Amino acid sequence: MKKTTGMDRAATAQWRPATRAVRGGTWRSEHGETSEALFLTSGYTYDDAQTVADRFAGEAEGMTYSRLQNPTVAMLEERIALIEGAEACRVQASGMAAMTAALLCQLSMGDHVVAARAAFGSCRWLVDHLLPRFGIETTVIDSAVDGEWDAASRPNTKVFFFETPANPTLDVVNLRHVCDLARAHGIVTVVDNAFASPALQRPLEFGADVIAYSATKLMDGQGRVLAGAVCGSREFIDEKLLPFQRNTGPNLSPFNAWVVLKGLETLDLRARAQSAAALELGKFIEPRISRMLHPGLPSHPRHELAVQQMPNGTGPIFAFEVPGGRAQAFALLDALELIDISNNIGDCRSLLCHPASTTHANMGAEARAEMGVTEGLLRINVGLEDIEDLKEDMDRALSAAGL
Ligand SMILES: *Cc1c(COP(=O)(O)O)cnc(C)c1O
């Protein structure tokens, strides 16, 4: 019997998401290899001159150059599109390459963007510094207040850009409300879904248009490579994103694509297990600190919305504040023996960081204060270690910091 190949969209679309994450996009060569092949090649050769002429004319299928197509990269793109439930996906060299491409491919001078105030530092830099240099106006709002989206919109608003949950304050955006508003005004929603991954939250189901990823985070999940992805309709990817990407070249290397393909095989398991561990560690820490920012806990102002938008788990990342400011935060970090001091997230190792002095140091004190990134704020990524070891390490460090 003929087996389903991962590139047969009609067949793979019938699979449930966890199956798509393991098998979707697999495109076997004539050798029938089990694991995806790694095509480390920049170019391709042709049997005759007419073949290549036809490919360049778009009249024949086939590869021409790895800035345009590569089989390993194509497997990753198909797999991510399938997990996301998107018509199409293109991958980039990093999450920031993905965000930049997703915005610049569709914006022009005179357009306006409404963006979330709570965001990854470099995403804020795009909004605050890069877009305005090209005559694109931007307005930054409190993304967790539904009415601010409408209030900030103008006739020339082209894009809503936000994360949910957001880095590092875990603000939760009401996806249905914001996407409905955008649809009603012909505005394109660009959702940075890095904190959730498609295993935990699928913004397309709430009416979002474009989903952008740092695949460095949960998708790779093992702290090995930088990667990015943009998902959307076939029309958006082919007509907006592809011309930008092919000509500016923020491409992902086939090797890194292959590494992320391997990561996706375990995405569903990791995302659920790390979410469960983050919930347990959050409950353990909450009585001993001054403020908890965890969408999975009832103390979060949008807990019910978060659980509704992320039914399989609210993710491995949460933040908390210690009352003694930077000195106490640093004392806690320095007393850890198992959990690493590291600013990465989505990794299967537990990592703790102090956003005000690292990921959000560049944006200035005023913007940090506005976002709620205080000197006592710590952000944790909970990994796959035994939860009892994590609790013991945290217990020791909290005590050492006087908490
Ligand atoms: C890490 C991150 C990015 C940037 O991704 P890179 O892969 O580091 O370039 C963008 N948005 C969010 C929410 C992130 O966490």
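Me: Let me start with the term I need: a residue is buried when its relative accessible area is under 20%. With that in hand, which residues of helix 10 are buried?

Reply: Happy to walk through it, and please keep in mind that this is a predicted model. A general idea helps first: an α-helix has 3.6 residues a turn, so residues three or four places apart point the same way. Now the case here. Helix 10 covers residues 254-264, and its buried residues are P254, A257, V259, V260, L261, G263 and L264.

Me: What covers the buried residues of helix 10?

Reply: The cover includes helix 2 (17-23), helix 4 (71-84) and helix 11.

Me: Let me step back to the whole chain. How many helices and strands are there?

Reply: The protein chain has 15 helices and twelve strands. Its radius of gyration is 22 Å, close to the 22 Å that the globule rule gives for 403 residues, so the chain is as compact as a globular protein of that length. If you prefer box dimensions, the C-alpha trace spans about 75 × 50 × 35 Å along its principal axes.

Me: What percentage of the residues is buried, and what share of the contacts joins residues 24 or more positions apart?

Reply: Buried residues make up 54% of the 403. For the contacts, take those with a separation of 6 or more: 73% of them join residues 24 or more positions apart.

Me: And the surface: what is its area, and what part belongs to carbon and sulfur atoms?

Reply: The accessible surface comes to about 16800 Å², with 52% of it belonging to carbon and sulfur atoms. On charges, the chain carries 37 positive and 50 negative ones, and the mean positions of these two sets are 2 Å apart.

Me: Next, cysteines. How many disulfides does the structure hold?

Reply: The idea first: a disulfide is a covalent bond between the sulfur atoms of two cysteines. To call one here, the two sulfurs must lie within 2.5 Å. A search of the whole structure finds zero disulfides. Take C89: its closest cysteine sulfur is in C231, 3.9 Å away, which is too far for a bond. C89 counts as buried, at 5% relative accessibility. C123 is in no disulfide either, as the nearest cysteine sulfur, in C105, is 15 Å away. C123 is buried too, with a relative accessible area of 1%.

Me: I'd like to check backbone geometry. Where does the bond from T164 to P165 sit, and is it cis or trans?

Reply: Omega is the angle to read for this. From T164 to P165 the peptide bond is cis, with omega near -10°, and P165 is found in the loop between strand 4 and helix 8. A cis peptide bond also joins N167 and P168, with omega about 0°. P168 has its place in that loop between strand 4 and helix 8.

Me: What is the sign of phi at L170, and is L170 buried or exposed?

Reply: L170 is not a glycine, yet its phi is positive, about 60°. It is found in the loop between strand 4 and helix 8, and it is buried, at 0% relative accessible area. S197 is another residue other than glycine with a positive phi, near 70°. S197 lies in the loop between strand 5 (188-192) and strand 6 (210-214), and at 1% relative accessibility it counts as buried.

Me: Which residues does N174 contact beyond its sequence neighbours?

Reply: When listing contacts, it helps to set aside neighbours within four places in sequence. On that basis N174 is in contact with D146, R302, L305 and Q309. N174 lies in the loop between strand 4 (157-163) and helix 8 (175-184), and at 14% relative accessibility it is buried.

Me: How does E280 read: where is it, and what does it touch?

Reply: E280 is in helix 11 (residues 267-285) and is partly exposed, with a relative accessible area of 34%. Not counting residues up to four places away in sequence, E280 touches I387, E388 and K391. By contrast, G324 is 44 residues from E280 along the chain, and their C-alpha atoms are separated by 24 Å.

Me: One last residue: is T34 buried or exposed?

Reply: T34 is exposed, at 70% relative accessible area, and sits in the loop between helix 2 and helix 3 (49-56). Its C-alpha atom is 40 Å from that of D393, which is 359 residues away along the chain.

Conventions: Residues are numbered from 1 along each chain as its sequence is written. This is a predicted model: local features need pLDDT of at least 70, side-chain atom pairs count only at pLDDT 80 or more; totals for chains, interfaces and linings use all residues. Side-chain values use heavy atoms; hydrogens and water are left out. Helices (H or I, at least four residues) and strands (E, at least two) are DSSP runs, numbered from the N terminus. The radius of gyration is taken over C-alpha atoms; the globule rule is 2.2 Å times the number of residues to the power 0.38. Buried means under 20% relative accessible area, exposed over 50%, partly exposed in between (1.4 Å probe, protein chains only). Contact means heavy atoms within 4.5 Å. Accessible areas come from the Shrake-Rupley method with a 1.4 Å probe; for residues, only the protein chains shown count as cover. Lys and Arg count as positive and Asp and Glu as negative; His and the chain ends are not counted. The place of a charge is taken as NZ of Lys, CZ of Arg, CG of Asp or CD of Glu.
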